[in-house]
Amino acid sequence: MRALPDLTLWGVGTSRTVFVRIGPCTSLGCHIMKPIEPRTGETKTAECARLNLRQKVPLLQDGDFCIGESAAIVAYLSRTYSTPERSLIPEAPHEYAVWPEWCFLVVAQLDSTNLYVMRRHRADALGPIYGIAPEGVAKAGEYFREQLRHVEGALSDGRQFLIGDKFTSAGILLTTCLDWAIAYGVGICDNAHP
């Protein structure tokens, strides 16, 4: 693992940017932000397009290297800049094996399949842009709670963390989703409260 350089995180105002900013950027000590917002045209500037052809946020710039997609950024930062004192990836083989399983479950099942659908179609969020769909929002909330049973089961033995005995980047991703679910009024299980 190497010392933290000056990393730049492009993006603000999205749940996926929050994954990165509140998670590994804060935990590992990097705080340089380029606060551009989605759907404003800022991601379509020549500079941003040169760095990221997808023209989406978040985008992490580490010297000449750029990476997008929030979960990929979280994994990259966790792997590249963790130290023994500040590690966000479990080291034990079985714990390491379930780390990506949790990361993918959180990003694919909890966030993308449910919370993003809710955000995209709620009248008080992005619904005016993408279409207000109260039934779709309600169903996404139901499915979120159904998928949360995996978290409830994992924490049912009284442990504090998803994996092992310390906080990992999987927990960062989960905590961010739980915060959004609470903000959206989606009920979460008692043992999953952040």
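Three salt bridges are found in the structure, a salt bridge being a side-chain nitrogen of Lys or Arg within 4 Å of a carboxyl oxygen of Asp or Glu. The structure is a predicted model, in which local features need pLDDT of at least 70, side-chain atom pairs count only at pLDDT 80 or more, and totals for chains, interfaces and linings use all residues. Residues are numbered from 1 along each chain as its sequence is written, and side-chain values use heavy atoms, with hydrogens and water left out.

One salt bridge joins Arg122 to Asp124, with the closest N and O atoms 2.9 Å apart. Accessibility is given here in three classes: buried is under 20% relative accessible area, exposed is over 50%, and partly exposed is in between (1.4 Å probe, protein chains only). Arg122 is buried, at 15%. Asp124 is exposed, at 60%. Another salt bridge links Asp157 and Arg159, at 3.2 Å between the closest N and O atoms. Asp157 is exposed at 55% relative accessibility, while Arg159 is partly exposed at 33%.

The side chains of Lys139 and Glu142 also form a salt bridge, at 3.8 Å from N to O. Both residues belong to helix α6 (residues 134-147). They are three residues apart there, about one turn of the helix. Helices (H or I, at least four residues) and strands (E, at least two) are DSSP runs, numbered from the N terminus. Lys139 is exposed, at 56%. Glu142 is partly exposed, at 42%.

Aromatic contacts were searched over the whole structure, and five pairs were found. Rings of Phe, Tyr and Trp (its six-membered ring) pair if their centres lie within 6.5 Å; planes under 30 degrees apart count as stacked, over 60 as edge-to-face and the rest as tilted. In one of the pairs, the ring centres of Phe65 and Tyr76 are 5.1 Å apart and the planes stand at 45°, so the pair is tilted. Phe65 is in strand β4 (residues 65-68) and Tyr76 is in helix α3 (residues 70-81), so this pair ties together parts 11 residues apart in sequence. Phe65 is partly exposed, with a relative accessible area of 38%. Tyr76 is buried, at 16%. The pair of Trp180 and Tyr184 is tilted because its planes are at 50°, with the ring centres 5.6 Å apart. Trp180 is partly exposed at 23%, and Tyr184 is buried at 13%.

Phe65 and Tyr76 also join Tyr81 in one aromatic cluster. Elsewhere, a charge lies over a ring. Arg120 sits over the face of Tyr130, 3.6 Å from the ring centre. The criterion is NZ of Lys or CZ of Arg within 6 Å of the ring centre and within 35 degrees of the ring normal.

Strand pairing centres on the following contacts. Strand β1 (residues 7-10) pairs with β3 in the antiparallel sense over four bridges. Two strands pair if DSSP finds at least two bridges between them. Thr8 has Gln61 as its bridge partner in β3. β3 and β4 are also antiparallel, over four bridges. Here Gln61 has Cys66 as its bridge partner in β4. A hairpin is formed by β3 and β4, with two residues between them. Gly63, in the turn, has a positive phi of about 65°.

In a regular strand the side chains alternate between the two faces of the sheet. Strand β3 (residues 59-62) is covered on both faces. Leu59 and Gln61 are buried on one side, and Leu60 and Asp62 are buried on the other.

The largest nonpolar core holds 40 residues. Such a core is a set of buried Ala, Val, Leu, Ile, Met, Phe, Trp, Tyr and Cys residues joined through side-chain atoms within 4.5 Å. Leu77, Trp102, Phe144, Leu148, Val151 and Leu162 have the most contacts inside the core. The elements giving two or more residues to it are β1, α3, α4 (93-121), α6, α7 (149-155) and α8 (169-183). The most come from α4, with nine residues.

Confidence is given as pLDDT, the predictor's confidence in each residue, from 0 to 100. The protein averages 84, and 87% of the residues score at least 70. Confidence is lowest in helix α1 (residues 15-28), at a mean of 64. It is highest in α6, at 96. Where pLDDT is low, the predicted coordinates should not be read in detail.
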